[in-house]
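Trainee: I have a new model open and want to learn how to read it. Where do we begin?

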Amino acid sequence: MNIAFLLLFLVFCNGSHSSGLITNVTTRPDVLNIGSMFTFDSVIGKIAKLAITIAVEDVNSNPNILNGTKLSLKMQNTKSSGFLGIVEALQFMENDTVAIIGPQFSATAHVISHIANELQVPFLSFAATDPTLSPVQFPFLVRTTRSDLFQMTAVVDLVVYYEWRDVIAIYVDDDFGRNAIASLGDKLAEKRCKISYKVPLTPRATKDEIRKALISVSTMESRILILHIYTSWGLQVLEEAQEQKMMDSGYVWIATDWFSTLLDTDPSLPLVQTNNIQGVLTLRMYTPDSQLKTEFKSRWSNLTKARRSLNNTSFELNTYGLYAYDSVLLLAQAIESFLANGWNISFSNDTNLRELSGGKLNLDALNIFNGGRQLLKSILEVNTTGLTGPIKFDADGNLLNPAFEVINVIGTGTRTIGYWSNSSGLNVLPPEKLQMKMQTNGSRAGAQNLYSVIWPGQTTEKPRGWVFPYNGRKLRIGVPHRVSYPEFVGIKGTDFSGYCIEVFQAALNELPYGVPYKYVPFGDGIKNPENNDLLHRVQIGEFDGVVGDITITTNRTKMVDFTQPYIESGLVVVAPIKKMDSSAWAFLRPFTPMMWGVTGVFFLAVGAVVWILERRTNEDFRGPPKRQLVTIVWFSFSTLFFSQKEKTGSTLGRFVVIIWLFVVLILNSSYTASLTSILTVEQLSSPVKGIESLATGSDPIGYLRGSFAEAYLTDELNIHHSRLVALNSPEDYEKALKKGPSAGGVAAVIDERAYMELFLSSRCGYSIVGQEFTKMGWGFAFSRDSPLAIDMSTAILKLSENGNLQKIHDKWLMKSACSAEGAKQAVERLQLKSFWGLFLLSGIACFLALLLYVIRMVRQYYRHANSDIECSQSTERLKSFVSFVNKREQEVKSSSKRRKTDNKASNKIVHHQECSSDGLDES
């Protein structure tokens with residue numbers, strides 16, 4: 001094949017074509033030569049041969065199709081040989097052939113397409129399904145069937161529908177198989193699934209090769225097998241699978257349409273073969289029912305009966321036969337459109353071949369079809385209806401509306417469990433009925449659904465799709481052999497116990513299947529092993545999983561797959577604590593110094609504001625300066641107990657006081673609650689207040705050797721590594737904390753809460769200080785993409801829901817705890833940030849009251865002292881205003897009243913004098 005392709009590449013290079021000798025020019029020829037090439041004795045070929053023959057007869061017998069022009073069909077048998085296909089294609093070109101139906105095989109189509117491109121003769125392939133046969137690269141190859149790209153999309157939707165993730169692909173190792181499986185891999189990747197193992201078989205695979213391939217498959221984890229091979233030996237694979245016990249319960253076989261084609265062609269398979277294919281799923285290209293299809297099936301049945309009576313051979317119609325028939329119908333209508341538009345059937349010599357003239361190969365006899373491009377255009381523009389339904393091509397050269405039936409082999413027959421279409425996915429309704437329903441209801445396709453399936457092993461329960469590999473080898477579960485905390489993981493010889501071990505075993509018991517496993521200790525038991533080293537062993541395949549106190553972190557998820565966390569455990573700080581003795585000044589501890597200071601300032605400020613607002617109208621706020629100062633202080637602090645004897649009479653004064661009394665109420669309540677807690681609860685104190693104070697200091701910090709805490713402290717909190725001290729056990733924690741930083745110990749220990757709660761359960765001199773500063777959890781680790789991680793996560797959730805997880809926790813981790821002492825840490829002192837809103841509210845009230853008071857005073861001053869203002873200077877005016885403000889309100893009103901009386905009296909005297917002067921003048 002490679003030699004032939006190289007020969008063709010050298011001979012038929014694409015280039016410009018100058019017109020040579022033109023032959024066979026006519027307006028409407030009486031006869032047109034068309035060719036057909038495929039393997040006559042293949043399952044597809046023997047059906048196609050009869051279907052194409054019938055189609056040509058139908059076209060020639062119907063004058064309305066070609067208006068008198070007849071098709072002259074010549075068939076060539078390629079005998080499954082790519083080389084013969086090339087030779088036969090060249091022979092067609094010597095006879096002025098306008099189009100060729102075929103080829104059948106994708107590998108042949110790849111090579112012959114170069115001939116089609118050079119000589120511009122359209123090829124209409126009803127069986128070459130390779131998705132890489134692109135019309136961009138091979139424009140003269142028209143695929144009149146469905147591309148495997150759509151079939152592989154349907155297979156992927158099946159895998160996703162049944163919630164599987166990994167599949168094994170068994171395929172024929174040529175262009176047909178490799179390129180289809182490549183498309184399958186791409187589509188699976190889009191759904192976050194994958195092909196875990198590929199099994200290529202030679203195009204003429206022997207029984208021994210098939211056996212070896214299936215034995216290798218049986219050792220794999222996945223049990224979802226995608227079978228994409230040829231009809232000629234496909235059943236041999238299933239027969240060998242039956243012998244290898246691979247058709248039993250737990251396996252899933254999804255065969256592409258080669259299998260449905262085989263079943264349609266020969267539905268009466270022997271009983272032995274029928275037993276080998278039970279439970280298999282397969283796809284069939286969907287062709288909607290129609291009157292044309294029904295009538296053709298009836299004709300086909302009559303023809304096959306006649307053949308059976310003559311030579312005792314018969315075969316039923318399959319979908320490739322329908323597409324072969326429609327290919328002829330499509331070509332006939334395109335030719336009619338070509339001739340109706342005035343194009344001529346003409347051929348010319350290929351100038352690129354003139355240099356090769358005279359050779360024994362007679363290559364210079366090959367002619368270019370001058371109207372090839374116009375005929376190709378007419379083919380792609382056809383819009384008609386055939387046996388397979390509507391025939392119309394999209395912009396990519398594919399037939400519109402690809403769809404497949406999903407078939408389940410049951411007993412001696414098959415059952416359609418649903419349909420797949422490119423527009424709506426999987427559904428139990430045929431695509432045209434689903435589309436009609438959607439248009440009627442105005443709804444979308446909705447959820448994917450199929451009818452129930454009988455799987456291999458005669459079971460209706462959906463297989464989980466995977467098993468433990470290596471033919472039952474027990475899983476090697478790594479267990480960290482720690483020095484510390486045997487309550488979590490304890491190892492004594494071959495005995496493994498502890499909280500983590502019991503949770504793991506309880507989760508396994510929740511699985512619907514058994515898991516063979518054995519524990520393998522990791523570490524020497526003298527010092528704690530590194531968890532990352534243990535997980536690396538899973539990554540390289542030394543262990544299949546890890547059970548233990550393994551924290552789930554971002555970096556670790558890149559190495560392995562974790563289950564759902566079965567316990568939460570973030571990092572906390574543990575430090576020494578001591579009891580705080582009560583003192584005579586304990587009443588000052590509820591507030592911080594800043595809080596005391598601001599509170600005192602506001603007491604005085606509010607007293608001063610109220611004094612300003614009340615002193616003109618309220619005698620309680622007047623008197624000598626000393627008395628007024630005492631009044632301000634007394635009034636301010638007496639509001640703390642709501643016992644002020646001075647009454648506020650002005651509206652603004654009352655407004656300020658009511659806001660302040662609300663503030664005092666809140667302050668008083670908070671102070672009382674905090675002081676009560678201080679005096680009634682035993683107080684504990686520590687020089688370390690939390691992770692913030694620890695990170696900014698310089699004291700050494702302890703951590704558990706092998707824990708992720710070391711990396712977190714250095715990478716995330718930027719604590720220098722020299723400050724970190726690795727410790728192996730709770731005893732080491734206690735020794736280091738007792739020594740303290742001054743004697744070679746540590747100021748605090750940072751570890752996970754689960755460890756620390758266990759540590760504090762019997763050590764009352766230490767406590768958790770500050771808040772938990774990470775939120776993490778522990779999980780079981782498995783190799784990447786292991787389906788066991790998903791199933792174990794589901795099992796852990798079940799344990800949590802039914803309460804068994806909490807029971808296991810209480811059994812191992814509920815001790816007589818001193819850790820409750822940690823709740824008696826020194827009560828946080830009340831800070832200004834908790835009350836600044838109240839002080840802001842009071843300050844705004846005072847400011848507004850003063851502003852309104854000043855505006856009111858200015859207005860009164862200008863209204864009652866207009867005459868003085870006009871004649872006074874600015875300094876005198878200011879003194880006058882201060883004097884005015886300092887007066888009692890009653891004095892101002894009395895003065896104003898006297899001034900009005902004097903003004904009226906003076907007006908009367910003036911008026912009397914004016915009257916007297918008028919009388920003297922008259923006399």
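Mentor: With a ruler for helices. The expected span of a helix is 1.5 Å times one less than its number of residues. Keep in mind that this is a predicted model.

Trainee: What span does helix H2 reach from its first C-alpha to its last?

Mentor: Helix H2, residues 43-61, reaches 28 Å. The expected value for its 19 residues is 27 Å, so the two are close.

Trainee: Is H2 enclosed or open?

Mentor: Largely enclosed by the rest of the structure, because 14 of its 19 residues are buried.

Trainee: Let me try the ruler on helix H17. What should its twelve residues span?

Mentor: H17 covers residues 499-510 and should span 16 Å. Its end C-alpha atoms are 17 Å apart, which agrees.

Trainee: Which residues of H17 are buried?

Mentor: Among them are Tyr499, Cys500, Ile501, Val503 and Phe504. Ala506, Ala507 and Leu508 are buried too.

Trainee: Now the whole chain. How many helices and strands does it have?

Mentor: The chain has 32 helices and 34 strands. Of its 923 residues, 50% count as buried. The chain exposes about 44,500 Å², and carbon and sulfur atoms supply 54% of that.

Trainee: What do the contacts say about sequence separation?

Mentor: Take the contacts with a separation of 6 or more. Residues 24 or more positions apart account for 74% of them.

Trainee: On to strands. What is the general idea?

Mentor: In a regular strand the side chains alternate between the two faces of the sheet. Then look at cover and partners. Strand E2, residues 31-38, is mostly covered, with six of its eight residues buried.

Trainee: Which strands pair with E2?

Mentor: Strand E3, residues 70-77, runs parallel to E2 and is joined to it by eight bridges. Within that pair, Gly35 stands opposite Lys74. Strand E4, residues 99-101, also pairs with E2 in the parallel sense, over three bridges. There, Ser36 has Ile101 as its bridge partner.

Trainee: How do I read a nonpolar core?

Mentor: Ask for its size, then its hubs. The largest nonpolar core has 106 residues, and Val98 and Phe126 have the most contacts inside it. Helix H13, residues 319-340, gives the most to this core, with 13 residues.

Trainee: What does Val98 touch, beyond residues up to four places away in sequence?

Mentor: Its contacts include Leu32, Asn33 and Ile34, which lie within the residue range of E2. Others include Val121, Pro122, Ile335, Phe347 and Leu375. A second, separate core holds 55 residues, including Phe488, Leu727, Phe782 and Leu788.

Trainee: What about sheets? What strand order does the open sheet of five strands have?

Mentor: The order is E30-E29-E31-E26-E32, with mixed pairing. Strand E30 (724-727) and strand E32 (766-769) stand at the edges, each with a single partner strand, so one side of each has no neighbour in the sheet. Direction ignored, neighbouring strands are turned by 35° against each other on average.

Trainee: How many bridges pair E29 with E31?

Mentor: Three, in the parallel sense, between E29 (residues 701-704) and E31 (residues 748-752). Ile701 stands opposite Ala748.

Trainee: Which strands do helices H25 and H26 lie across?

Mentor: H25, residues 730-739, lies across E26, E29, E30, E31 and E32, at about 150° to E31. H26, residues 753-760, lies across E26, E29, E31 and E32, at about 125° to E31.

Notes. Residues are numbered from 1 along each chain as its sequence is written. This is a predicted model: local features need pLDDT of at least 70, side-chain atom pairs count only at pLDDT 80 or more; totals for chains, interfaces and linings use all residues. Side-chain values use heavy atoms; hydrogens and water are left out. Buried means under 20% relative accessible area, exposed over 50%, partly exposed in between (1.4 Å probe, protein chains only). Helices (H or I, at least four residues) and strands (E, at least two) are DSSP runs, numbered from the N terminus. Two strands pair if DSSP finds at least two bridges between them. A nonpolar core is a set of buried Ala, Val, Leu, Ile, Met, Phe, Trp, Tyr and Cys residues joined through side-chain atoms within 4.5 Å. Contact means heavy atoms within 4.5 Å. Accessible areas come from the Shrake-Rupley method with a 1.4 Å probe; for residues, only the protein chains shown count as cover. Axes are lines fitted to C-alpha atoms, for helices over the stretch in contact, and angles run from 0 to 180 degrees between N-to-C directions.
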